[in-house]
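I opened this entry to record what I looked up about helix packing and buried cores. The notes follow the order in which I consulted the structure.

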Amino acid sequence: MIASVRGTVTATGPDQAVIEVGGVGLAVHCAPGTLADLRVGQTARLATSLVVREDSLTLYGFADDDAKALFELLQTASGVGPRLAQAVLAVHTPDAVRKAIANADTAALTRVPGIGKKGAERLVLELRDRIGPVSIGADGVGGVTGGAWPEQVRQALVGLGWTAGQADQAVAAVAETVDGETPQVPVLLRQAIRLLGRTR
């Protein structure tokens with residue numbers, strides 16, 4: 001497995017760059033945002049993921065290890081290959097992908113060419129519990145649904161015995177009551193439990 005490459009950029013193209021490492025030029029497939037930061041003649045380091053097929057070895061490159069990890073995680077969802085996973089990261093930042101999956105934002109996911117509504121729903125269903133922590137941007141955008149609390153509350157409710165559907169409904173209802181600064185997760189969890197207590 002080639003986990004990363006560091007060397008001189010000898011060429012760039014629409015969808016790949018050539019990085020010379022120890023006298024060998026490696027063709028690395030990259031998203032446009034990654035390619036935009038590479039300069040011919042300069043040294044670059046890319047996190048890489050080697051995709052092995054019966055008839056090919058393809059190296060995909062990323063600006064950092066976080067993007068690479070998400071690229072590999074996306075491919076564990078059914079129907080997602082390396083090209084589609086890279087397309088997701090070409091359209092969205094890793095944080096934006098995590099927020100979209102954690103909050104079931106299928107509209108954001110369908111902005112990726114090749115992902116329809118059913119594909120977006122499948123990504124949410126299969127990866128929601130494995131997507132990892134969701135950070136809030138420095139500007140606080142998405143404070144209600146973009147932070148980590150919806151997923152933390154959801155997982156706690158499921159752990160307490162409610163179904164995923166019930167947990168989602170409770171989280172959505174609690175989110176509507178959050179105005180301004182977000183309360184602590186235990187406070188939000190108690191609120192969700194009170195709401196669910198009325199429906200049992």
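**Entry 1: H2 against H3**

I began with helix H2 (residues 65–74) and helix H3 (residues 82–91), whose axes come within 9 Å and cross at roughly 135 degrees. I note at the outset that this is a predicted model. Angles over 145 degrees count as roughly antiparallel and 65 to 115 as roughly perpendicular, with the rest oblique once those under 35 are set aside as roughly parallel. I therefore entered H2 and H3 as oblique to each other. The crossing of H2 past H3 is right-handed.

I then looked up which residues form this contact. From H2 there are Ala67, Leu70, Phe71 and Leu74, and from H3 they meet Pro82, Ala85, Gln86, Val88 and Leu89. Sorted by class, the contact of H2 with H3 holds eight nonpolar residues, one polar residue and no charged ones.

**Entry 2: How covered is H3?**

I asked how many of the residues of H3 are buried. The count is seven of 10, and I recorded H3 as mostly covered. The buried residues in H3 are Pro82, Leu84, Ala85, Gln86, Ala87, Val88 and Leu89. I next checked what the buried residues of H3 pack against: strand E3 (24–30), strand E4 (43–53), E5, H2 and H4.

**Entry 3: H2 against H4**

I turned to the packing of H2 with H4, where the axes lie 10 Å apart at an angle of about 40 degrees. H2 and H4 are therefore oblique to each other as well. On the H2 side I listed Asp66, Ala67, Leu70 and Leu74, which meet Pro94, Val97, Arg98 and Ile101 in H4. By class, I counted six nonpolar, no polar and two charged residues in the contact of H2 with H4. I noted that Leu70 is among the H2 residues that meet H3, and that Leu70 also appears in the contact with H4.

**Entry 4: The nonpolar cores**

I asked which residues have the most contacts inside the largest nonpolar core. They are Leu74 and Leu123, in a core of 28 residues. At least two residues of this core come from each of strand E5 (56–62), H2, H3, helix H4 (94–102), helix H5 (106–109) and helix H6 (117–127).

I followed up leucine 123. Leaving out residues up to four places away in sequence, leucine 123 touches Leu74, Ala77, Val80, Ile101, Leu109, Ile115 and Arg128. Apart from the core of leucine 123 lies another core, of 14 residues, with Trp149, Leu157, Val171 and Leu189 among them.

**Entry 5: H7 against H8**

The residues named for the second core led me to helix H7 (residues 149–159) and helix H8 (residues 164–177), which pack at an angle of about 140 degrees with their axes 9 Å apart. That angle makes H7 oblique to H8. H7 passes H8 in a right-handed crossing.

In this contact, Trp149, Pro150, Val153, Arg154, Leu157 and Val158 of H7 meet Ala164, Ala167, Asp168, Ala170, Val171, Val174 and Ala175 of H8. By class I recorded 11 nonpolar, no polar and two charged residues. I also looked up which residues of H7 are buried: Trp149, Pro150, Glu151, Val153, Arg154 and Leu157. Just after H7, glycine 161 takes a positive phi of about 115 degrees.

**Entry 6: Valine 171**

I asked whether valine 171 is buried or exposed. Valine 171 lies in helix H8 and has a relative accessible area of 11%. Buried means under 20%, so valine 171 is entered as buried. With neighbours within four places in sequence left aside, the contacts of valine 171 are Trp149, Pro150, Val153 and Arg154. Valine 171 and arginine 154 stand 17 residues apart in sequence and 6.6 Å apart in space, C-alpha to C-alpha.

**Entry 7: The chain as a whole**

I closed with the overall values. The protein chain has nine helices and five strands, and from the N terminus on its elements run β-β-β-α-β-β-α-α-α-α-α-α-α-α. Its C-alpha trace spans about 70 × 35 × 25 Å along the principal axes. Of the 200 residues in the protein chain, 38% are buried. Among contacts with a separation of 6 or more, 51% are between residues 24 or more positions apart.

Terms used: Residues numbered from 1 in each chain as written. Predicted model: local features only at pLDDT ≥ 70, side-chain atom pairs only at ≥ 80, totals over all residues. Heavy atoms only, no water. Axes fitted to C-alpha atoms, helices over the stretch in contact; angles between N-to-C directions. Helix = DSSP H or I, 4+ residues; strand = E, 2+ residues; numbered from the N terminus. Left-handed = near helix turned anticlockwise from the far one by under 90°. Contact = heavy atoms within 4.5 Å. Nonpolar A, V, L, I, M, F, W, Y, C, P; charged D, E, K, R; others polar. Core = buried A, V, L, I, M, F, W, Y, C linked by side-chain atoms within 4.5 Å. Buried < 20%, exposed > 50% of the residue type's maximum accessible area, 1.4 Å probe, protein only.
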